[in-house]
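I opened a fresh page for this model. My plan was to go through helix packing, then the sheet, then the cores.

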Amino acid sequence: MTVSSSTTTHGSGSLSDAGPLSLCAREPHVPADRLVAEMVPPPRFDSVRFATYVPDPGEPSQSEAVGVLEGFAAGLGGAHAVGGGKRGFFGFGRAKAPKPPAGPRGVYLDGGYGVGKTHLLASLWHATPAEPALKAFGTFVELTNLVGALGFQQTVRTLSGHRLVCIDEFELDDPGDTVLVSTLLGKLVEAGVALAATSNTLPGKLGEGRFAAADFLREIQGLSAHFRALRIDGEDYRHRGLPEAPAPFSDEEVMKTAFATEGASLDDFAHLLEHLAKVHPSRYGALTDGLRAVCLTGVQPVPDQSTALRLVVLADRLYDREVPVLASGLPFDRLFSEEMLNGGYRKKYFRAISRLTALARDAKGLVGA
């Protein structure tokens with residue numbers, strides 16, 4: 001991966017060589033093999049396990065989900081369904097796949113944002129008795145980006161040698177992705193690969209409120225048969241008993257903190273949104289490589305839905321990497337318009353608000369440090 005960087009930040013003039021980094025000056029180029037190698041739980045979830053998940057005593061579905069997933073992981077031991085043994089990077093040399101086992105070949109964790117679905121999905125990945133090269137973990141967006149980088153048939157060959165594929169934040173945003181992922185997962189099930197996924201919506205309802213619902217449902221009905229759905233109820237753990245999100249800081253405080261924090265970036269929010277349009281979302285993880293904090297000035301409402309969806313992906317990557325976000329301007333709960341929050345992507349936007357708010361709390365300690 002190569003990144004071009006600069007110490008010039010839009011809207012704040014020239015900075016010295018010791019000044020903050022700028023996301024707007026980064027143009028990451030990510031090779032396809034890195035996309036595959038990085039299909040592991042993100043740093044935030046390196047150490048999570050079923051034992052570290054703390055179920056809400058008032059929500060029995062959480063404890064029940066842990067028990068089901070522990071049993072699912074235990075059942076994935078032994079040889080791979082298509083013959084076992086380590087596969088090469090592109091999965092050549094496999095034995096012919098036998099008839100796949102009857103019944104669902106996966107689990108589907110359904111619930112609102114902040115109930116610990118990703119924690120449980122990552123715990124399943126860690127608990128599955130297979131070497132990391134035979135397990136894959138990525139977001140829905142990262143999976144579609146992998147297909148874009150490798151091509152469909154190559155992605156099938158690469159992932160068919162895996163024992164488990166975990167897909168976080170399963171979202172079907174357009175009919176093309178619906179067909180693509182439905183077909184891909186069908187091929188993986190035929191190859192004997194176990195699947196696990198998280199989403200904010202039950203499999204049979206993913207298309208509601210977006211584009212042509214009938215087209216979505218026609219594809220999703222077949223896809224949902226591959227999964228046993230587990231409902232996980234509860235409130236957003238990021239806000240259980242926590243204070244309100246910190247109020248935005250002044251431009252001066254944000255800039256001063258950016259200069260005082262090693263590895264911090266400093267960007268004008270509007271210019272950052274413009275820059276995200278020039279970088280493919282599959283590269284947003286690389287865009288944040290090495291950052292210890294993100295400082296933003298002039299946060300304002302996101303102007304349109306395409307921009308908003310790009311910002312959601314960036315928020316996910318920052319949250320995965322536990323990068324604090326310090327900002328001036330409007331608070332993060334005012335990023336998206338009422339129309340956006342009431343539309344088909346509302347769960348994505350609420351998740352982004354939740355995660356950015358958590359990162360804003362993390363950043364509060366940087367001011368004056």
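Entry 1, a helix pair. I began with α4 and α5, where α4 passes α5 in a right-handed crossing. The model is predicted, so I read every value here as computed from that prediction. The two axes come within 7 Å and cross at roughly 115°. Helix α5 covers residues 152-160, and α4 covers residues 140-150.

I then listed the side chains in this contact. From α4 I noted L143, L146, V147 and L150. They meet F152, Q154, T155, T158 and L159 in α5. I sorted the residues of this contact by class: six are nonpolar, three polar and none charged.

Entry 2, the sheet under α4. I looked for what else α4 packs on. The helix lies across β2 and β3, running at about 110° to β2. I traced the sheet next. It is open, has five strands in the order β2-β3-β4-β1-β5, and pairs in parallel. The edge strands are β2 (135-139) and β5 (227-231), each pairing on one side only. From one strand to the next, I got an average twist of 15°.

I checked the β5 end of the sheet. Strand β1 (residues 106-110) pairs with β5 in the parallel sense over five bridges. Within that pair I found Y108 opposite A229 of β5.

Entry 3, N145. Is this residue buried or exposed? I found N145 in helix α4. Its relative accessibility is 13%, under the 20% cut-off, so N145 counts as buried. Which residues does N145 touch, leaving out those up to four places away in sequence? I listed L35, H280, P281 and S282. I also checked R283, which is 138 residues from N145 along the chain. The C-alpha atoms of N145 and R283 are separated by 9.5 Å.

Entry 4, the cores. I pulled the largest nonpolar core and counted 38 residues. L335 and F336 have the most contacts inside it. Elements giving two or more residues to this core include α9 (269-276), β7 (293-299), β8 (325-329) and α13 (346-363). Helix α11 gives the largest share, eight residues.

I followed L335 outward. Beyond four places in sequence, L335 touches F269, V299, Q300, P301, V302, L311 and L356. I then noted a second, separate core of 29 residues. Its members include L146, V181, V193 and A286. L146 was already on my page, as one of the α4 residues that meet α5.

Note on methods
Residues numbered from 1 in each chain as written. Predicted model: local features only at pLDDT ≥ 70, side-chain atom pairs only at ≥ 80, totals over all residues. Heavy atoms only, no water. Pairing = 2+ DSSP bridges. Helix = DSSP H or I, 4+ residues; strand = E, 2+ residues; numbered from the N terminus. Axes fitted to C-alpha atoms, helices over the stretch in contact; angles between N-to-C directions. Contact = heavy atoms within 4.5 Å. Buried < 20%, exposed > 50% of the residue type's maximum accessible area, 1.4 Å probe, protein only. Left-handed = near helix turned anticlockwise from the far one by under 90°. Nonpolar A, V, L, I, M, F, W, Y, C, P; charged D, E, K, R; others polar. Core = buried A, V, L, I, M, F, W, Y, C linked by side-chain atoms within 4.5 Å.
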